[in-house]
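User: I've got this model open and want to go through it properly. Keep it informal, and show me the numbers behind each call.

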Amino acid sequence: MIAPPAETRRTRYPGPIARAAVHPHSLVDRGFADDEALERILDRYPAELIDINLYDYDDAGQVTMRTGSRGDLPGSRLLEAIKAGRLWVNMRAAQTGCPELWAAAMEEFHRIQATYPGLKAVKNAGQLIISSPSNRTPYHFDAAGVVLFHLRGRKRLFVYPGDETHLAEHDMERVVARQTTEELPYDRAFEAAAQVVDLEPGQALTWPFYAPHRVENLDRFCVSLSMDFQTWPSRLRNGALYANAVLRSRGLNPRPTDRMAPPELAARWALSLALKKAGLMEDRISAIRRDFTPDEAAADGAGDLRAA
C-alpha cells in the first residue's frame, strides 16, 4: 500500500531519489531468511557488531530505548527470543558478517541504482535486521542513502518529508557527530504528511536521502537487509553537518547545509576531516549502557544483564 501526499518531491536536499518507491528483488527465493540460515548467521556473527534494542513508547509516541548485549545464547535460542519478544536486533557490517547474502544484495542494488539516472554510490555498507512481531522502530533518519531489502514478514513504513519541520538540521548534526542515536523528536501531527508503504518479502524500498521514517511490524517476525550507500554529495554534506556540530558546540551559529552551494559544502567537508583528526567532539555512542541480554523465557525477550 502506498498513500503519497500530492507533492512530487519530498525532500529539500538535491538527489535523484525524490520520494519513497518499491522495487522487486530476488533474495527471498535463495533461502537467506530461513530459520536455519538465520541461526547459522547468529552463531557466527561477532558480538561487538550486534545491537539489540527494546523500545517503549509513551502516549505521545515518544520513545525510550534500552540496549542489550548479545549474551551467550546459541543462535537457535536467540532466534526464539526474538520471535517471542519485542526486540530489534541490528547486525552491523553485514558485508563481512554474511558475505553470501551481501554479494547477492549488491547485484540487486546495482539493478535498482540503474533506475535512478545520476545516482552513483561510492561506498556501500549494511545491516541485517531481525525484529520481533510487535516491534516498532522509532522515528529516525539515516545519514546515507538506503535500500531496504525485505526478506520475511510484513512491515509498514512511514516516510516523512525531509524539510526543517520534520528533520531539523540541528538534530541531524548531533546524529552525524555521534552525540546521540538516530532517533528524532516526534510529533503525532507529522502523520498527516507521511507516505505509507506496506512492504512484503521480495520487495525493496528506497527513499530520499536523509528522509525521516519509522517502521511497524505487522504482527509477524521480520527480517530485512538495510543497505546504506554514500555518494560524493552525501559525503560532502555529512562532513558539513559534522563541522557544523563542532562549531555549534563552540557557541557559533553555522549556516545550514541546505543553504550551501557545492563549493561551500566541500570546504566544510575538508574542515570536518581536520576537526575529526583533532578529536574535538567526543563519541557518545560507543559508551552507551547495556541493560539486558536476550532471554527466550522473558515476556519481552529481554533478561537481566546482571543475572547473565
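Analyst: Ground rules before we start: buried means under 20% relative accessible area, exposed means over 50%, and partly exposed is in between (1.4 Å probe, protein chains only). This is a predicted model, so to be counted local features need pLDDT of at least 70 and side-chain atom pairs pLDDT 80 or more, while totals for chains, interfaces and linings use all residues. Residues are numbered from 1 along each chain as its sequence is written, and side-chain values use heavy atoms, with hydrogens and water left out.

User: What is the relative accessible area of Asp35?

Analyst: Asp35 sits in helix H1 (residues 35–44); helices (H or I, at least four residues) and strands (E, at least two) are DSSP runs, numbered from the N terminus. Beyond four places in sequence, it's in contact (heavy atoms within 4.5 Å) with Leu79, Lys83 and Arg152. Asp35 still counts as partly exposed, with a relative accessible area of 22%.

User: Which helix gives the most to the largest nonpolar core?

Analyst: A nonpolar core is a set of buried Ala, Val, Leu, Ile, Met, Phe, Trp, Tyr and Cys residues joined through side-chain atoms within 4.5 Å. The largest one here has 68 residues, and Met91, Ile130 and Phe149 touch the most other members. With 7 residues, the top contributor among the helices is H4 (residues 99–113).

User: How many residues are in the other core, the one lying apart?

Analyst: In the largest core, Phe149 touches, among others, Ala105, Phe109 and Ile112, with residues up to four places away in sequence not counted. Apart from that core lies another, including Ala20, Val146, Leu157 and Ala211, and its size is 11 residues.

User: Which strands stand at the edges of the sheet?

Analyst: The open sheet has 8 antiparallel strands, in the order S1-S10-S7-S12-S5-S4-S2-S3; strands pair if DSSP finds at least two bridges between them. On average, neighbours in this sheet are turned by 25° against each other, direction ignored (axes are lines fitted to C-alpha atoms, for helices over the stretch in contact, and angles run from 0 to 180 degrees between N-to-C directions). Two strands have a single partner each, so one side of each has no neighbour in the sheet: S1 (21–24) and S3 (63–68).

User: What is the bridge partner of Met91 in S5?

Analyst: Strand S4 (residues 88–91) runs antiparallel to S5 (residues 123–131), joined by 4 bridges. Met91 is also one of the residues touching the most other members of the largest core. In S5, Met91 is bridged to Leu128.

User: Which residue in S11 does Arg136 stand opposite?

Analyst: S6 is largely enclosed by the rest of the structure, because 4 of its 5 residues are buried. S6 pairs antiparallel with S11 over 3 bridges. The charged end of Arg136 sits over the ring of Tyr57, 3.9 Å from its centre (the test is NZ of Lys or CZ of Arg within 6 Å of the ring centre and within 35 degrees of the ring normal). In S11, Arg136 stands opposite Glu216.

User: How many residues apart are Tyr13 and Tyr210?

Analyst: Rings of Phe, Tyr and Trp (its six-membered ring) pair if their centres lie within 6.5 Å, with planes under 30 degrees apart called stacked, over 60 edge-to-face and the rest tilted. There are 11 aromatic pairs by that rule, and Tyr13 with Tyr210 is edge-to-face, at 5.3 Å centre to centre and 65° between the planes. Tyr13 lies in the segment before S1 and Tyr210 in the loop between S10 (203–206) and S11 (213–217), which puts them apart by 197 residues.

User: What are Tyr13 and Tyr210 like, buried or exposed?

Analyst: Tyr13 comes in at 2% relative accessibility, and Tyr210 has a relative accessible area of 2%. Ring pairs link both into a cluster with Phe109, Phe141, Phe209 and Phe229. Tyr13 and Tyr210 are both buried.

User: How far apart are the ring centres of Tyr139 and Tyr186?

Analyst: Their planes are at 55°, so the pair is tilted. Tyr139 is in S6 (residues 136–140) and Tyr186 in the loop between H5 (169–176) and S9 (195–199), so the pair ties together parts 47 residues apart in sequence. Tyr139 is buried at 3%, as is Tyr186 at 11%. The distance between the ring centres of Tyr139 and Tyr186 is 5.5 Å.

User: What is the phi of Arg178 near?

Analyst: Arg178 lies in the loop between H5 and S9 and is partly exposed at 38% relative accessibility. Its phi is positive, in a residue other than glycine, and near 55°.
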